[in-house]
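Grab your viewer and a coffee, and let's work through a few exercises on this structure. Try each task yourself before reading the solution.

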Amino acid sequence: MMARFITTFAAFASAAIGLFAQEKPAQQGLAPLPNIVLIITDDHSYQTLGTCEKDSPVPLPNFHRLADEGMVFDRSYCANSLCGPSRACIYTGRHSHMNGFLANAQGKPFDGSQPTFPKMLQKAGYQTAVFGKWHLESNPTGFDHWEIFPNQGSYYNPDFISLAPNGKKQVLREPGYATELVTKKSLNWLDQRDPSKPFMLVVGHKAPHRNWNPAIKNLGKIKSFVEKLNPPSNLEDNFDNRPGFLKKNQQSLQNHFAVWSDEHLIKELIPQDLQKQIVCPGYGWGMGELNRMSPQEKEAWLEYYRARTKSLVADLRSGKIKTKSDILKRRWQHYMEDYLSTLLSVDESVGEIIDYLDKNKLSENTIVLYCGDQGFFMGEHGWYDKRWILEESFRMPLIMRWPGRIKAGVRSQAMVQEIDYAPTFCSLAGINTPENMNTFQGRSLIPLFKTGADEAFADRPLYYAFYENPGEHNAPRHDGIRTQRYTFARIWTSDEWMMFDNEKDPKQMNNVYGSANYAQDVQKLNQLYHQARSQYQVPDNLPGVRGKLDVTPRWNCAPANAQ
Ligand code: SGN
Ligand code: CA
């Protein structure tokens, strides 16, 4: 394993990008160190990436452009499908049990004293900044400049936390729409940077996170398009043939969707008798974002969603919508429309960033990595949200663009994971000393730049663990692996196992764990699962069954990263 790592790395260092063979290329008069732009969205699903097919119906032209000019990864996965933990994995290049940030609500912030790629790049002379979504509770470390949302952040007129000139933390509310503000701040920072130094910029968008509030200018822009979409075939999943815990989950459009804050229906316009049909018990009314809007924004927002509500009421009265299934389908359309509308602004942001790099002749020396922070259910299994090792939640968008260095227009089938980004960036910056690289559990993605394929990424079991218990949507603690063909996992809370043959059952409707036909594969996967746990140094008591987990961060990962 170690040998393969070294060979791969050596081949890369000498051939692909010779300048990185040395530790500090810039000091040796070689080409400048590459700049890094990491764009992270919140809850962007692979299914709605808009780049997946050339003729994708999702109207996101700048994502199409990014895909045309870069490499799209079809098999890119997170490590823990929740915002804070996933970001901790990205920044540290290590799994949650190593970086100590296991869950959003673990009551202990991310320990910013541990090694992260921003800190390493900063030390190597990079100018670094992060804007927007951060969600790790402690102050960002490794960044020269940061302006972050408190917690989840808001869509309209959001607050930003930053350091005042006196070094004290300040919270400032800024007029505008979150996605546009984050883009503007990012581009301003680029404009004001010292051009003699390399930079690493993190653009952290809130969109398309719940409660899916689009920019006012984008309201209604894709309504007619969404009306032509069909919901996933398993929108009304009954969870037969699978562990009982899936049924207990609380993230269904049918039963756990708040009619005002999530669906944006206006209560006063829904007659009492119809309210019973459309309100999920316990998920009623309440809408914080409305209070953040200016009177004009509020009026435009209300006008748009009044029309949505009236049309639903009219269709219920006329009988156009009758059954529970009809109501669910309409709700799914509303969900899709709002979710995708928030992405219209992300699409603009991506376009503006690429334009900036092109116009300023930075593209050829800048790698842009676009990713989500996990996957998201778009009605598959009847769900929204994420948290599960199930495919839609585990798989996440990843596109990398670097003209001349990363082959354009390629759809890579390599098995990659978010913990790979940190070692990639550090290798690109020439700071891949054994000491640095031994803090990471991922692998540098550089061997994939030329063609999108490499033996080391072909069938690499990826480890996943989720620790909240029970958490907001009642998802249990579980961990497992994804191989090229199978998903294999243990639900610790209920001691149930699940295994999906993703080739035969891509929608993951049938647990084959106990099936005689798969007995040999179960054995093999069980072995791979235990191998992964030992390779990544997962303590025996994790994820644990219930109760609080408190893990002290560790960062000496050798030899786990030397796969
Ligand atoms: C909020 C959402 C949840 C979501 C978590 C975590 N509820 O609490 O639906 O799972 O964030 O999301 S909401 O009503 O407040 O929108 S994460 O992406 O930040 O991990
Ligand atoms: Ca998220």
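**Exercise 1. Work out the calcium site: what is the donor spacing along the chain, which atoms bind, and what geometry results?**

Start with the sequence pattern: the donors of the calcium ion (ligand 2) follow D-D-x329-D-Q. Keep in mind that this is a predicted model.

Next, put names on the pattern. The protein donors are Asp42 (OD), Asp43 (OD), Asp373 (OD), Asp373 (OD) and Gln374 (OE1), at 2.1 to 2.8 Å from the ion.

Now locate two of them. Asp43 sits in the loop between β1 (35-40) and α2 (61-69), while Gln374 is in the loop between β9 (366-371) and α12 (391-394), so to speak 331 residues down the road. Both Asp43 and Gln374 are buried.

Finally, check the angles. Six ideal octahedral donors would give 90 or 180 degrees. Here the six donor atoms around the calcium ion (ligand 2) subtend 50 to 178°, which makes the arrangement irregular.

**Exercise 2. Check the length of helix α15 and decide which residues are buried and which are exposed.**

Length goes first. Helix α15 covers residues 519-535, which is 17 residues; at 1.5 Å a residue the expected span is 24 Å, and the end C-alpha atoms are 24 Å apart, so the two agree.

Then list the buried residues: Val522, Leu525, Leu528, Tyr529, Ala532 and Arg533. They cover an arc of only 135° around the axis, which puts them on the same side of α15.

Turn to the face pointing away from that buried side, and you find the exposed residues Gln520, Gln523 and Ser534.

What does the covering of the buried residues include? Among the elements there are β13 (462-466), β14 (478-482), β15 (486-491) and β16 (496-501).

One last detail: just after α15, Gln537 takes a positive phi of about 60°.

**Exercise 3. The structure holds 37 salt bridges; take the pairs Glu69 with Arg65, Asp159 with Arg173 and Glu391 with Arg482, and say where the partners lie.**

Glu69 and Arg65 meet at 3.2 Å, N to O. They are four residues apart in helix α2, and therefore separated by about one helical turn. With 26% relative accessibility, Glu69 counts as partly exposed.

For Asp159 and Arg173, the closest N and O atoms are 3.4 Å apart. This pair links strand β6 (residues 159-163), home of Asp159, with strand β7 (residues 169-173), home of Arg173, 14 residues apart. Asp159 has 17% relative accessibility, so it counts as buried.

For Glu391 and Arg482, the closest N and O distance is 2.9 Å. Glu391 lies in helix α12 and Arg482 in strand β14, so the bridge ties together parts that are 91 residues apart in sequence. Glu391 is buried at 8%, and Arg482 is buried at 5%.

There's a network to find too: salt bridges that share partners join Asp43, Asp385, Lys386, Arg387 and Glu468.

**Exercise 4. Place the cis peptide bonds Ala207 to Pro208 and Asn469 to Pro470, then compare Asn157 and Lys361: buried or exposed?**

Take omega first. It is about -5° between Ala207 and Pro208, and near 0° from Asn469 to Pro470. Pro208 is in the loop between β8 (199-204) and α7 (223-227); Pro470 is in the loop between β13 and β14.

Now phi. Asn157 has a positive value near 45°, and Lys361 one of about 55°. For burial, Asn157 has a relative accessible area of 9% and is buried, whereas Lys361, with 75%, is exposed.

Terms used. Residues numbered from 1 in each chain as written. Chains lettered and ligands numbered in written order. Predicted model: local features only at pLDDT ≥ 70, side-chain atom pairs only at ≥ 80, totals over all residues. Heavy atoms only, no water. Donors = N, O, S within 2.8 Å, 3.2 Å for Na, K, Ca; no water. Tetrahedral: all angles 85-135°; square planar, octahedral: opposite > 155°, others 65-115°. Helix = DSSP H or I, 4+ residues; strand = E, 2+ residues; numbered from the N terminus. Buried < 20%, exposed > 50% of the residue type's maximum accessible area, 1.4 Å probe, protein only. Expected span 1.5 Å × (residues − 1). Arc of directions from axis to C-beta. Contact = heavy atoms within 4.5 Å. Salt bridge = Lys/Arg side-chain N within 4 Å of Asp/Glu carboxyl O.
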